[in-house]
Amino acid sequence: MSQRRVLKVFEQYQKARTEFVQMVAELATRPENIETLQNVGVISLLRTLLLDVVPTIQQTAALALGRLANYNDDLAEAVVKCDILPQLVYSLAEQNSFYKKAAAFVLRAVGKHSPQLAQAIVACGALDSLVICLEDFDPGVKEAAAWALRYIARHNAELSQVVVDAGAVPLLVLCIQEPEIALKRIAASALSDIAKHSPELAQTVVDAGAVAHLVQMLLNPDAKLKHQILSALSQVSKHSVNLAEMVVEAEIFPVVLTCLKDKDEYVKENASALIREIAKHTPELSQLVVNAGGVAAVIDCIGSCKGNTRLPGIMMLGYVAAHSENLAMAVIISKGIPQLSVCLSEEPEDHIKAAAAWALGQIGRHTPEHARAVAVTNTLPVLLSLYMSTESSEDLQVKSKKAIKSILQKCTYLPALEPFLYDAPPSILKHVVAQFSKVLFPWIFRYTSAEGGQLSTT
């Protein structure tokens, strides 16, 4: 009888601990409860339960800590100050898969907030344990570890290099080849966050053989996976000509063009961004994009979407047109100007209008033929109104003025210039007068050129 009473007391104690930690984990899912939980010192209580003899209590305590740390940086710092991280790192190597997932979740939740908190995770020796988890038999453990590594690497080049030095990249490349879609997604995202910081880090991703596998997976129907893959390839391509060429050599075309027609807006945006990062480097890469049908495909994509989804495509057209007269003409032939004019007139956000103004300026700055192609679409008055509007952002005003100046200095189509004689401010009007003079009095320019003089346009 005495033994039964003793056991009953311990059963009740275990039941109470279980109910407590489950309730805290549940309460931590609601933002309105977070401040109260913090004020009653819940972090210290959960730290004790991480060492509980009952595995389910340990796991639930870790889950609760992860949810709390995920909420804000103050709670994440409290987790660090309570010396919880070393216990979690130890558990990653010793405990079962359920606890490993929970522990990795806490590390991820702490590391996401700032480089300082991510560095605290590195300092407690977590990276080696997380990298070992990437080889775990359980896909869920691999996924949780990849999440944590991604949140450490995303902050800066130094932390990314630490992740690379721990040997994470080859294992992340293996993870993208696993059958589980969720694991593929986060592994691709982690590679993207590593590659984005520097050419050297991007080269590490390339050297691990990631590019070929990423390109092959673009045929996967999962939209979230595709936009993570496109992001990773963009981050590799953006740094240098050599890296962009490596992505192209992996036969990114024409597969990437099909992504421009995807139903998912993020897939469209990231596909446009990838093509932009390739095209911006050299005329040769831009010509390759043109030959593959990339310009026409991007223009169609711009016409099928709105808002920020359009932005990388707009910039891509500007980069292509900036390289040479022939490439600018390819944008004109593909009917890029009317689409850019629509963006300039219809988009509510100034940064998108500014990008469209810049792209139009890059198209029109080459020859009178290019300038006329822009002018006949009635784009110049729109640019002028944006430049003169007090509601326009400073960047939009600057880009509109530069675009007007670039186009006017080449434009000899007088009907498009006439409205400027009445509406333009002196800073614009002088360029209009100069163009009228070039057309109506060309002998003046021949004379001044022959004499080495300069015609005044003030």
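**Entry 1: H24 against H25**

I began with helix H24 (residues 336-346) and helix H25 (residues 350-364), whose axes come within 8 Å and cross at roughly 150 degrees. I note that this model is a predicted one. Because an angle over 145 degrees counts as roughly antiparallel, I entered H24 as roughly antiparallel to H25. I then looked up the hand of the crossing of H24 and H25, and it is left-handed.

Which residues of the two helices meet? On the H24 side I listed Ile337, Leu340, Ser341, Cys343 and Leu344, and on the H25 side Lys353, Ala356, Ala357, Ala359, Leu360 and Ile363. Sorted by character, the residues of this contact of H24 with H25 divide into 9 nonpolar, 1 polar and 1 charged.

**Entry 2: cysteines**

Since Cys343 belongs to the H24 side of that contact, I followed it further and asked whether Cys343 is buried or exposed. Cys343 counts as buried, because its relative accessibility is 0%. I also looked up Cys133, which is buried as well, with a relative accessible area of 2%.

How many disulfides does the structure hold? I found 0 disulfides in the structure. For Cys343, the nearest cysteine sulfur is that of Cys305, 8.0 Å away, and Cys343 is in no disulfide. The cut-off explains this entry, because a disulfide requires a pair of cysteine sulfur atoms within 2.5 Å.

**Entry 3: H20 against H22**

I turned next to helix H20 (residues 283-291) and helix H22 (residues 311-323), which pack at an angle of about 120 degrees, with their axes 9 Å apart. That angle makes H20 oblique to H22, because the range for roughly perpendicular runs from 65 to 115 degrees and roughly antiparallel begins over 145. H20 passes H22 in a left-handed crossing.

For the contact itself, I wrote down Pro283, Ser286, Val289 and Val290 from H20, together with Met316, Tyr319, Val320 and His323 from H22. The residues of this contact of H20 with H22 divide into 6 nonpolar, 2 polar and no charged.

**Entry 4: the protein as a whole**

Finally I looked up the totals, beginning with secondary structure, where the protein has 32 helices and 0 strands. Of the 458 residues in the protein, buried residues make up 50%. What share of the contacts between residues at least 6 apart in sequence join residues at least 24 apart? I recorded 69% for that share.

Methods
Residues numbered from 1 in each chain as written. Predicted model: local features only at pLDDT ≥ 70, side-chain atom pairs only at ≥ 80, totals over all residues. Heavy atoms only, no water. Axes fitted to C-alpha atoms, helices over the stretch in contact; angles between N-to-C directions. Helix = DSSP H or I, 4+ residues; strand = E, 2+ residues; numbered from the N terminus. Parallel < 35°, antiparallel > 145°, perpendicular 65-115°, else oblique. Left-handed = near helix turned anticlockwise from the far one by under 90°. Contact = heavy atoms within 4.5 Å. Nonpolar A, V, L, I, M, F, W, Y, C, P; charged D, E, K, R; others polar. Buried < 20%, exposed > 50% of the residue type's maximum accessible area, 1.4 Å probe, protein only.
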